[in-house]
Structures are given as C-alpha cells and as structure tokens.
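The following exercises are to be worked with the sequence and the structure in view. Each task is followed by a solution in steps.

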Amino acid sequence: MNIAIIGSGISGLSSAWYASKAGHQVSVFEKDVRFGGHAIELSIPFKGKKVAVNPGYDLCNKVVYPKYVNLLEELGLDIQPCEFSYSYRNLQDCESEDERTKTLPAFQKAANLKQFFRPDFLRLALTTFKLSKKIDQFVAETNKKNISFYSFLQDANVPQDLIDSFFVPVSARPWGVRATDMRDMPVTVILDWINKLQIFTPRPSQMYKNTGGVKHYIDTFVTSLREQGVSLQSHAEVSKIIRVNNQVRIHFSDGHVKEFDGVVIASNAKVAMTLLDRPTADEQRIFSLFRYQKNNVIVHSDERVMPKEKNKWRYFNIVYNPANHETFSTMWFGIDKDLPVFSTNSREMPFKPEKIHAEFRFEQPIFDQNTVMAQSLLAGIQGDNNTWFSGVYCQGHGHHESGVESGHRVAKSIDARSKIRSAEKREMNAEEVCVS
Ligand SMILES: Cc1cc2nc3c(=O)[nH]c(=O)nc-3n(C[C@H](O)[C@H](O)[C@H](O)COP(=O)(O)OP(=O)(O)OC[C@H]3O[C@@H](n4cnc5c(N)ncnc54)[C@H](O)[C@@H]3O)c2cc1C
C-alpha cells in the first residue's frame, strides 16, 4: 500500500519503520523544519564548553522501554547508563520560598548521614518501603484494577500528608501533569511504571541516555528510513485529510494535494481531529475523551531554581507548591560538566531573562480513566476509512515505548488490510475474467 504518515515524532518514525519493512511504500510529512517531534537536542554554549540539553525527551530504561531499545538496536544505536538522582522540596515546609535547605534526597543518596537520620526523612523512607511492598502485592493481583492512584495510596494506608505533599506530586513528574490530575490517574497505568522503575525503593532502576545524543538518534533513524526507501519531507504541513472513494487525499498548507491508499496520523490526538475532514461519529466520540496538558519548558542557567546548597543539587530537582498543587522539576543537564545549565518545566519561577536560553511549549496527554477507555475504543477503529492513528497517547504510559508500540501495531494493521485488499482485487479480477 502507498501510505502517508503525518508527523515525525517517535510514533511517526516507528510507524514508517515497521510499515516500510513490511514492504509498503511510505512517505512521511513533517510540518517542522526538523524531524523528531518532542525528541529535540539543543547545544548550549557555556564558558567555552557545550552542554547538550534535551527538553522534550531524555531518558529511557531497558525494563520499561523494551521495544524502543530493540528498535534502537535494529538501527545500530546504543544507550548508556546515566545519572538519575532526585532532590525534592515542598515549598510549604520551607520557611520562605527562598529557603531551600530542606531539600530531601528522597530515595537515594542522602546528602550526608546527618540528613539521613532526620525524623522526616526516616518517616518517609519507612513509608516508602512499606508502599513498595504494597505495590508488589497489587501488581501481582488482578482483581483491583479500576481505582485511581489516589485511592490506592489511601487503601495502602499512606499518611494523608505524605500522599498530598510527596507521593502524588513526585509521581506526577514523569507525566508532566499537575498533582490534581495525578490523583485521578488509573492505578493500572502508574503502578506498572513505578513498579518496573522501582521508583519508591532505595535502588531505582538504572536509567539510560542515547549514546551520541538525541540528535544523533534522530539523524540515524531518518537516514536508515531513507535507506529503506521511505520518503521523508520536512516543512510539509498537512492542512486537511479527505477520505473519498477508498483513497485518502492529503492537502498541504502550500496548496498542493497528494493521494494515498491510506494515512497514519502521527500527530497528537487534538491535532488529528482538526486535520480530518468530516470525522466519523466514532472518531469524534473517541477523540473527545483524550485530554492534554500544556507544558512549558524553559532552558536556562538561573541557579535560583536549584537547592540553595550545591551539594544537594541532583539530576532531577522536584519542587511541589501545595498552594496550587503544581509540581515542577528542574533537570540539571550540566551535571557531567558541573555547569549551571538546566531545563525547568514551569514558568512559575521568576527567571532572570538574561539567563534564559530557550523556551518550548509541549502538550502532553493526561492519563485518566477516560484515556484508558479511549485507548481501547481506538483499537477498534484503526484502519477504518484507510485511516490509522499513531501516538504516545494511543497506548501504555505515554512515553517513547508507547510511540514504538503504537507504530508497530499500526504497521501490523496496515499489513493485514493490505492482504485483504489484495485478496479483494484478485477476486474482482477473477470475476472479470469469468464475465468476459
Ligand atoms: C518535558 C518533557 C520531557 C519528556 N521526557 C521524556 C523522557 O525522558 N522519556 C520518554 O520516553 N518520554 C519523554 N517525554 C514524552 C515524549 O517525549 C513524548 O510523549 C513523545 O516523544 C511524543 O511522541 P509522538 O511521536 O507521539 O508525538 P510528537 O513527538 O509530538 O510528534 C508529532 C509530530 O507531528 C508533527 N505534526 C503535527 N501536526 C502536523 C501537521 N499538520 N502536518 C505535519 N506534521 C505535523 C509535529 O510537528 C511533530 O513532529 C517527555 C515529554 C515532555 C513534554
């Protein structure tokens, strides 16, 4: 089949990879000037050195990302272990917003022995230990699936103040959602993730980065796709998708139109619905269930967002503000070179303008019960009207692994449809022969 893929994030590129491997003719259209979607790499010059910053995708892990790691291997790419340490700060605990000495290196590496024996740290450590046992037990059971993460923590007898001030906001971070949205997140989504990463244990799973960096990974992916015969076009914004007569017409912003046997929409769910001309009732119903949260990411060198004492700086520095239930975190990208280059996912901090290097606005899916329902309904309409949807919102946890999984499933579905089409064509040809 001749397939158009809209979007070149991990979901679009994976769809292209698996569909082209199955022998389909694939063209990828990306509206941006660069490929990769959220997978961005910046090179920030600082004191004669350069620091690589990855504001929209940074880490992966062999346990939680098996398909992604396999795909990297197929592409001849490698990953390498990296720092994954935390600091945590609750603004309410501090005497003032500027008092940052109460940073709690929650799970690992207590900054010093004195800190380790603080009663609040010991209480948290004990609760964390008990919770990790409950998580093991819960994951092993299958009968209690349909509750929220918040209810799970309450059922697990985690003290209310620690639920509100620590476990919910810290867990919210990997999804970039507010603590309030995290409370409603289905426990099935989050516990699988927490359990595999062993986040609430003294020894979280090792995290990895792409060897050679994120840009190298995307460049290699694009080159390999081209070698496999895939056409990739950047600066090609799709404005409308019209499905007619068993074909798909793709309209571009510059006015030209191309026709394909099928389309994979690998943008986010919100964009997908704006592109489709006359979406079906099923499409409208399912896509109305996906919700997104805006995520501002500021790349900067403003040290004021970090713990006051430098020996408490970690790779991930989480701050929870109970006043508005916001959690924001700062990744210390300059950690290897001991340079103050950070990325913070909040505009809330009054950054010094001269310290800001770049700013990004991402949208991330919110994983709630509606999303889980929409994901299962979506599987039922994949391929209808020669239209497939690929994206991290389509299944799983919403990270790179979901993008690869989504691309893989879509390619399998395209292949199945192609076989049906070929059989239908053979039947029609046979009928024509009989008639003549
Ligand atoms: C701050 C932050 C940190 C993150 N960190 C991690 C991490 O460490 N590990 C991890 O696994 N995940 C991480 N994620 C999540 C992950 O990066 C993204 O969810 C994932 O990359 C999204 O992939 P995608 O292909 O589904 O969508 P996207 O990457 O959004 O790709 C969609 C593409 O479609 C294109 N597009 C949209 N409209 C059109 C159009 N009309 N015409 C043509 N093209 C169009 C867009 O330009 C874009 O390139 C992070 C997310 C954020 C926000």
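**Exercise 1. Determine which residue of E12 stands opposite isoleucine 5, and place the pair in its sheet.**

Step 1. Isoleucine 5 has valine 264 opposite it in E12. Helices (H or I, at least four residues) and strands (E, at least two) are DSSP runs, numbered from the N terminus. The model is predicted: local features need pLDDT of at least 70, side-chain atom pairs count only at pLDDT 80 or more, and totals for chains, interfaces and linings use all residues. Residues are numbered from 1 along each chain as its sequence is written.

Step 2. The parallel pairing of strand E1 (residues 2-6) with E12 extends over 4 bridges. Two strands count as paired if DSSP finds at least two bridges between them.

Step 3. Strand E12 (residues 262-265) also pairs with E18, in the parallel sense and over 3 bridges. Here valine 263 has threonine 387 as its bridge partner, and valine 264 stands opposite tryptophan 388.

Step 4. These strands belong to an open sheet of 5 strands with parallel pairing, in the order E8-E2-E1-E12-E18. Strand E8 (231-233) and strand E18 (387-389) are its edges, each pairing on one side only. From one strand to the next, the twist averages 20°; axes are lines fitted to C-alpha atoms, for helices over the stretch in contact, and angles run from 0 to 180 degrees between N-to-C directions.

**Exercise 2. State whether the two faces of E12 are covered or open.**

Step 1. In a regular strand, side chains alternate between the two faces of the sheet.

Step 2. On one side of E12 are Gly262 and Val264, and on the other Val263 and Ile265; all are buried, and both faces are covered. A residue is buried if 20 or more other C-beta atoms lie within 10 Å of its own, exposed if 12 or fewer, and partly exposed in between, with C-beta atoms placed from the backbone.

**Exercise 3. Describe the sheet that contains E13 and E17, and find which helix packs on it.**

Step 1. The strand order of this open sheet is E6-E14-E15-E16-E13-E17, 6 strands with mixed pairing. Its edge strands, strand E6 (86-90) and E17, each pair on one side only.

Step 2. Helix H6 (residues 160-172) packs on the sheet and touches E6, strand E14 (316-321) and strand E15 (326-332). The direction of H6 makes about 125° with that of E14. Contact between two residues requires C-beta atoms, placed from the backbone, within 7 Å.

Step 3. H6 is mostly covered, with 10 of its 13 residues buried; among them are Phe166, Phe167 and Val170.

Step 4. E13 and E17 run antiparallel and are joined by 10 bridges. Isoleucine 298 has glutamate 359 of E17 opposite it.

**Exercise 4. Which elements give two or more residues to the shell around the ligand?**

Step 1. The ligand is surrounded by 39 residues, the closest being Gly7, Gly9, Gly37, His38 and His399. A residue counts as near if its C-beta atom, placed from the backbone, lies within 6 Å.

Step 2. The elements are helix H1 (10-21), helix H10 (269-275), strand E13 (291-300), strand E17 (356-366) and helix H13 (400-435). The largest share, 3 residues, comes from H1.

Step 3. By class, the shell holds 15 nonpolar, 19 polar and 5 charged residues. Ala, Val, Leu, Ile, Met, Phe, Trp, Tyr, Cys and Pro count as nonpolar, Asp, Glu, Lys and Arg as charged, and the others, Gly among them, as polar.

**Exercise 5. Identify the domains and the extent of their contact.**

Step 1. The assignment gives domain 1 (2-41 + 213-290 + 368-435) and domain 2 (81-210 + 303-350); such bounds come from an automatic or database domain assignment.

Step 2. The contact takes 9 residues from domain 1 and 7 residues from domain 2. On the side of domain 1, helix H9 (214-227) and helix H12 (369-381) each give two or more residues, and H9 has the largest share with 3 residues.

Step 3. The centres of the two domains, taken over C-alpha atoms, are separated by 36 Å.

**Exercise 6. Establish whether asparagine 146 is buried or exposed.**

Step 1. Asparagine 146 lies in the loop between helix H4 (119-140) and helix H5 (149-155).

Step 2. Asparagine 146 is exposed because 11 other C-beta atoms lie within 10 Å.
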